[in-house]
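This report works through selected side-chain features, one topic at a time. Please keep the model open while reading.

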Amino acid sequence: MKKIALLGSTGSIGTQTLDIVRHQRERFAVTALSAGANTDLIIRQALEFRPSIVSVATKELAADVAPYMPAGTRVVYGDEGLIEVAAGTDADTVVTAIMGSRGLSATLAAIAEGKAIGLANKETLVTAGHIVMSRAKEKGISIIPIDSEHSAIFQCLNGEPRSGVHGITLTASGGSFRDRTRAQLEGVTVAEALSHPNWSMGAKITIDSATMVNKGLEVIEARWLFGLTYDQIGVLIHPESIIHSYVEFVDRSIVAQLGMPDMRVPIQYALTYPERHDTPSARLDLAAIGKLHFREMDFERYPCLRMAFDCGRLGHSAPAVYNAANEVAVDRFLKGEITFLDIERILETVLERHTLFEINDLESIAEADEWARRLAATV
Ligand code: MG
């Protein structure tokens with residue numbers, strides 16, 4: 001029986017992770033869950049999966065949910081609650097499906113306890129890639145990616161020596177506005193931005209797909225996960241999201257991973273690795289799909305992706321600033337305060353005004369994060 005602690009259980013990846021558990025009760029148990037403010041759902045999840053710890057965002061929310069918890073479930077809250085979920089049970093694997101930079105200290109706490117990480121929190125490696133990877137290496141624990149692109153690369157690299165890798169290519173659907181020109185992006189609405197053609201995901205990541213910030217964060221993550229240089233990482237537009245990403249080896253052979261766009265496959269693989277088991281996902285029928293399409297990434301059309309490569313190459317505080325400024329900009333767009341194109345304008349302005357500094361610990365990451373948030377809220 002594999003024991004799982006789940007950070008971010010009420011979000012898109014969180015609920016799909018529990019769907020996998022639900023289909024394979026004999027294989028998995030849930031030891032701890034964390035949610036933000038979705039109290040109805042966390043109560044239902046606690047009653048169904050009976051974890052020993054449940055964490056919610058605040059003390060007030062903890063008091064709200066406590067009366068409905070099953071016997072034996074302790075309710076905690078806030079940043080300390082997240083750490084308890086990540087490190088305070090006998091879980092073998094911690095799935096980090098929580099959004100934003102709050103996932104970082106919880107992930108580090110789980111690593112310190114020697115737990116394997118099923119990584120779905122992008123900010124962890126974007127803001128603190130070198131810290132997280134070196135601590136994981138010290139502890140000898142595996143970080144198994146859950147994001148579809150990184151899971152694809154992870155599957156393609158299985159057992160291959162790194163010296164044989166020429167480079168990797170992350171595929172990108174192009175997001176909800178992929179068929180629009182830059183001029184046609186003027187005045188697009190929040191609702192239009194939120195309708196993604198292939199994947200059903202949370203609001204923030206759907207906007208990040210439309211701006212290509214999501215792919216930018218994935219590029220930086222891939223650099224850390226697979227120990228590559230930025231010159232070894234490419235991005236290709238592939239509207240169907242059937243090829244989830246691929247590796248080119250030095251002999252020019254390419255190994256790709258294909259499947260229907262269904263996050264439950266990479267989630268389950270992260271939980272059962274190196275084993276494979278049946279999933280509730282639909283089978284890929286290439287004959288029914290008939291054609292797959294590809295086009296070259298256009299860095300003029302998607303300047304946020306260019307900025308991500310720039311920040312990745314700069315290193316130090318730049319990726320944390322990129323990430324934090326984007327979080328604020330997306331939040332402002334979703335609230336109707338700014339236009340869609342303002343997101344990239346804010347990113348550009350914040351990065352231009354940033355003076356790079358070294359990142360050695362969580363405090364310096366927090367400093368970069370706070371600096372970028374303050375500026376992104378006002379420009
Ligand atoms: Mg992805």
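## Charges over rings

Arg223 is placed over the face of Trp224, at 3.9 Å from the ring centre. The model in which this arrangement appears is a predicted one. A further arginine, Arg301, lies over the face of Tyr302, at 4.4 Å from the ring centre.

## Magnesium site

The magnesium ion is coordinated by Asp147 through OD and by Glu149 and Glu218 through OE, at 2.1 to 2.4 Å, and along the chain these donors follow the spacing D-x1-E-x68-E. Asp147 lies in the loop between strand 7 (143-145) and helix 7 (148-157), whereas Glu218 belongs to helix 10 (residues 213-226), so the pair ties together parts that are 71 residues apart in sequence. Asp147 and Glu218 are both buried.

## Aromatic pairs

The count of aromatic pairs comes to 7. One of them is formed by Phe154 and Tyr269, which meet edge-to-face, at 6.3 Å centre to centre and with 65° between the planes. This pair links distant parts of the chain, with Phe154 in helix 7 and Tyr269 in helix 11 (residues 264-272), 115 residues apart. Phe154 and Tyr269 are buried, and ring pairs link both of them with Tyr273 into a cluster.

The ring centres of Phe177 and Phe340 lie 5.0 Å apart with the planes at 85°, so this pair is edge-to-face. Phe177 is in the loop between strand 8 (165-172) and helix 8 (190-193), and Phe340 is in helix 15 (residues 340-353), 163 residues apart; both residues are buried.

## Surroundings of Gln257

Gln257, in strand 11 (residues 254-258), is buried, with a relative accessible area of 13%. Leaving aside neighbours within four places in sequence, Gln257 is in contact with residues including Ala152, Gln155 and His244.

How values were computed
Residues numbered from 1 in each chain as written. Predicted model: local features only at pLDDT ≥ 70, side-chain atom pairs only at ≥ 80, totals over all residues. Heavy atoms only, no water. Donors = N, O, S within 2.8 Å, 3.2 Å for Na, K, Ca; no water. Helix = DSSP H or I, 4+ residues; strand = E, 2+ residues; numbered from the N terminus. Buried < 20%, exposed > 50% of the residue type's maximum accessible area, 1.4 Å probe, protein only. Contact = heavy atoms within 4.5 Å. Phe/Tyr/Trp six-rings, centres within 6.5 Å; stacked < 30°, edge-to-face > 60°. Lys NZ or Arg CZ within 6 Å of the ring centre and 35° of its normal.
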